[in-house]
Amino acid sequence: MSERPEPSAYWSANLRIIIVSLIIWAVVSFGFGILLRPMLSGIEVGGTDLGFWFAQQGSIIVFLGLIFFYAWRMNKLDREFGVEED
């Protein structure tokens, strides 16, 4: 008979993943797209500066990547804690 881990350990791991993902998203969208845009203006990507690219497309691509990362990591976490779906 295997013991089930504490729900608080599962939720703290879940919250850690969410917080890290939100920090990454905020840095990319708000930081690179708005705050650091003047510093990134000299670097060109696709005919436009890197700051504008992050504001228009880069933050969306990173957001989509974070969605796939979150789904993958949560499936792995669910298996570790024995709460995966059938």
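The buried residues of α3 are covered in part by α1, α2, β1 (44-45) and β2 (48-49). This holds for a predicted model. Buried in α3 are L50, G51, F54, G58, S59, L66, M74, L77, D78 and F81. The helix bends by about 50 degrees at Q57. At its N-terminal end, α3 is capped by D49. A side-chain oxygen of D49 lies 3.2 Å from the backbone nitrogen of G51. Just after α3, G82 adopts a positive phi of about 70 degrees.

Helix α1 also has a buried set. Y10, A13, N14, I17, S21, V28, G31 and G33 are its buried residues. Their cover includes α2 (37-40) and α3. With 29 residues at 1.5 Å a residue, α1 should span 42 Å. The C-alpha atoms at its ends are 39 Å apart, which agrees. A bend of about 25 degrees occurs in α1 at V27.

The largest nonpolar core consists of six residues: Y10, A13, I17, M74, L77 and F81. Both α1 (7-35) and α3 (50-81) supply at least two residues of this core. Two of the core residues also belong to a ring cluster. Ring pairs join Y10 and F81 with W11 in that cluster.

Contacts between α1 and α3 can be followed residue by residue. S21 is placed in helix α1. Its relative accessibility is 11%, and the limit for buried is under 20%, so S21 counts as buried. Beyond residues up to four places away in sequence, S21 touches L66 and F69. L66 is itself among the buried residues of α3.

V28 is another residue of helix α1. At 8% relative accessibility, V28 counts as buried. Setting aside residues up to four places away in sequence, V28 touches G33, F54, G58, S59 and V62. Of these, F54, G58 and S59 are among the buried residues of α3. G33 is among the buried residues of α1. V28 and S59 are 31 residues apart in sequence. Their C-alpha atoms are 5.8 Å apart in space.

S59 lies in helix α3. S59 has a relative accessible area of 10% and is buried. Apart from neighbours within four places in sequence, S59 is in contact with W25, V28, S29 and F54. V28 and S59 thus appear in each other's contact lists. F54 appears in both lists as well.

A further approach involves A55 and G33. A55 is placed in helix α3, while G33 is one of the buried residues of α1. The C-alpha atoms of A55 and G33 are separated by 4.2 Å. Along the chain, these two residues are 22 residues apart. A55 has a relative accessible area of 35%. A55 is therefore partly exposed, since buried means under 20% and exposed over 50%.

Aromatic pairing adds to this picture. The structure holds six aromatic pairs. One of them is formed by F32 and F54, whose ring centres are 4.9 Å apart. Their planes make an angle of 55 degrees, and the pair is tilted. This pair links distant parts of the chain. F32 is in helix α1 and F54 in helix α3, 22 residues apart.

The partners in this pair fall into separate burial classes. F32, at 27% relative accessibility, counts as partly exposed. F54 has a relative accessible area of 14% and is buried. F54 also pairs with W53. The ring centres of W53 and F54 are 5.3 Å apart. Their planes stand at 75 degrees, and edge-to-face applies over 60, so the pair is edge-to-face. W53 counts as partly exposed, at 23% relative accessibility.

F54 thus recurs through these results. The residue pairs with F32 and with W53. F54 also touches V28 and S59.

Definitions and conventions: Residues numbered from 1 in each chain as written. Predicted model: local features only at pLDDT ≥ 70, side-chain atom pairs only at ≥ 80, totals over all residues. Heavy atoms only, no water. Core = buried A, V, L, I, M, F, W, Y, C linked by side-chain atoms within 4.5 Å. Buried < 20%, exposed > 50% of the residue type's maximum accessible area, 1.4 Å probe, protein only. Helix = DSSP H or I, 4+ residues; strand = E, 2+ residues; numbered from the N terminus. Phe/Tyr/Trp six-rings, centres within 6.5 Å; stacked < 30°, edge-to-face > 60°. Expected span 1.5 Å × (residues − 1). Bend = angle between axes of the 7 residues up to and from the residue. Contact = heavy atoms within 4.5 Å. Polar contact = N/O pair within 3.5 Å; in protein donor to acceptor, adjacent residues only side chain to side chain.
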